[in-house]
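Morning, everyone. Please pull up the structure on your screens, and we'll walk through it piece by piece.

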Amino acid sequence: MGSAAASPQPSGNLTQDELKRVAAHRAVEFVESGMTLGLGTGSTAAHALDRLGDLLRAGALPGVAGVPTSLKTEAHAARVGIPLLPLDAASGASIRLSIDGADEVDPDLNLVKGRGGSLLREKMIEGAGDRFVVIVDESKLVPRLGCTGAVPVEVIPFGAPHTLGLIRKVFDGVPGFHARLRTVPAANGEDSDAPFLTDNGNYIVEMFFEDGIRGDLLDISDRLLRITGVIEHGMFLGMATTVIVANKDGTVTVIN
Ligand code: 5RP
């Protein structure tokens, strides 16, 4: 883990959503006038969008614009008045800072992202920028990636069951490993066979590990990415430059 600095915040019994807001507001303090930002997706990143919108509408931070990591974020940012840019070299936009949540953060600041389904655009945009600030509440800190839920993999719909089989082979013999195609719940809330579609029109394979991923993450990443049909996975390795953690006790820890 990198170096950490804790600072006091108003304490009290904050809800998880309030903790997300605390982390998000702290990250927005890094934004300077004229910056192009990568705008993350999810309930934590949404607090950063709201804060940025408030500041922009108040006339602070002139010249700030954002590159959205999902259609949902694009709509949210437009609603709160954040000027938007495409991820397009021709636009001349160089992303100085990205702010986004994460599903898991390990001690080396590797992440699982994409349980919201936006991992591909997130990885493209956050990987393109100079600095990537991750905002989480304490519950997202894990000893190993894959401890608390699915690790998503974006795959093309063509031959998706075949690709799922190849993904399973990467983890052959790993106790407790299983993988499935993500589906959208039916209107009555029950399971359905309808595949979840990403903003890019792709499917998501969800990988589950009994007690987190053991082994060399870079090697596992390579093996997944070598499967034709896999587009990207939700392990963000070595990408976070700063992690802002809102702790249960009301303090904030900034890890660089
Ligand atoms: C979306 C993501 C989110 O950042 C991640 O799922 C965390 O979400 P939340 O802030 O709602 O807990 O990667 O694809």
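**Helix H3 and what follows**

Let's start at helix H3. Its buried residues pack against strand E2 (36–39), helix H2 (43–57) and strand E3 (65–68). A quick caution: this is a predicted model. So which residues of H3, residues 71–80, are buried? They are Thr-73, Glu-74 and Ala-77. Those three cover an arc of only 105° around the axis, which puts them on the same side of H3. Now turn the helix over. The face away from the buried side carries exposed residues, Ala-75 and Arg-79. Then look just past the end of H3. Gly-81 sits there with a positive phi of about 90°.

Next, the ligand. There are 18 residues around the ligand. Which of them come nearest? Gly-42, Ser-43, Thr-44, Gly-101 and Gly-116. Two elements give two or more residues to this shell: H2 and helix H4 (119–128). H2 supplies the largest share, three residues. For the chemistry, sort the shell by class. You get three nonpolar, 10 polar and five charged residues.

Stay with Gly-42 for a moment. You'll find Gly-42 in the loop between E2 and H2. Is it buried or exposed? Gly-42 has 25 C-beta neighbours inside 10 Å, so it counts as buried. Leaving out residues up to four places away in sequence, Gly-42 touches Gly-101 and Gly-116. Here is another pair to click on. Gly-42 and Gly-117 are 75 residues apart in sequence, yet their C-alpha atoms are 9.5 Å apart in space.

On to the sheets. One open sheet has four strands, in the order E9-E10-E8-E11, with antiparallel pairing. Strand E9 (178–181) and strand E11 (230–233) are the edges. Each has a single partner strand, so one side of each is left without a neighbour in the sheet. From one strand to the next, the twist averages 25°.

Zoom in on one pairing. Strand E8, residues 151–155, runs antiparallel to E11, and the two share three bridges. Val-153 stands opposite His-233 in E11. Now add the helix. Helix H5, residues 160–170, packs on this sheet and touches E8, E9, strand E10 (203–208) and E11. The direction of H5 makes about 165° with that of E9.

There is also an open sheet of three strands, again antiparallel, in the order E5-E6-E12. Which strands stand at the edges? Strand E5 (104–105) and strand E12 (235–236). Each of those has a single partner strand, so one side of each lacks a neighbour in the sheet. E5 pairs with strand E6, residues 111–112, over two bridges in the antiparallel sense. The bridge partner of Glu-104 is Val-112 in E6.

Last stop, a hairpin. Strand E13, residues 242–246, and strand E14, residues 252–255, pair antiparallel over four bridges. Val-245 has Thr-253 in E14 as its bridge partner. Five residues lie between the two strands of the hairpin. What is the phi of Gly-250 in that turn? Positive, at about 95°.

To recap, keep two places on screen. One is Gly-42, among the residues that come nearest to the ligand. The other is H5, packed on the sheet. Thanks, and over to you for questions.

Conventions: Residues numbered from 1 in each chain as written. Predicted model: local features only at pLDDT ≥ 70, side-chain atom pairs only at ≥ 80, totals over all residues. Buried ≥ 20, exposed ≤ 12 C-beta atoms within 10 Å, placed from the backbone. Arc of directions from axis to C-beta. Contact = placed C-beta atoms within 7 Å. Near = placed C-beta within 6 Å. Nonpolar A, V, L, I, M, F, W, Y, C, P; charged D, E, K, R; others polar. Pairing = 2+ DSSP bridges. Axes fitted to C-alpha atoms, helices over the stretch in contact; angles between N-to-C directions.
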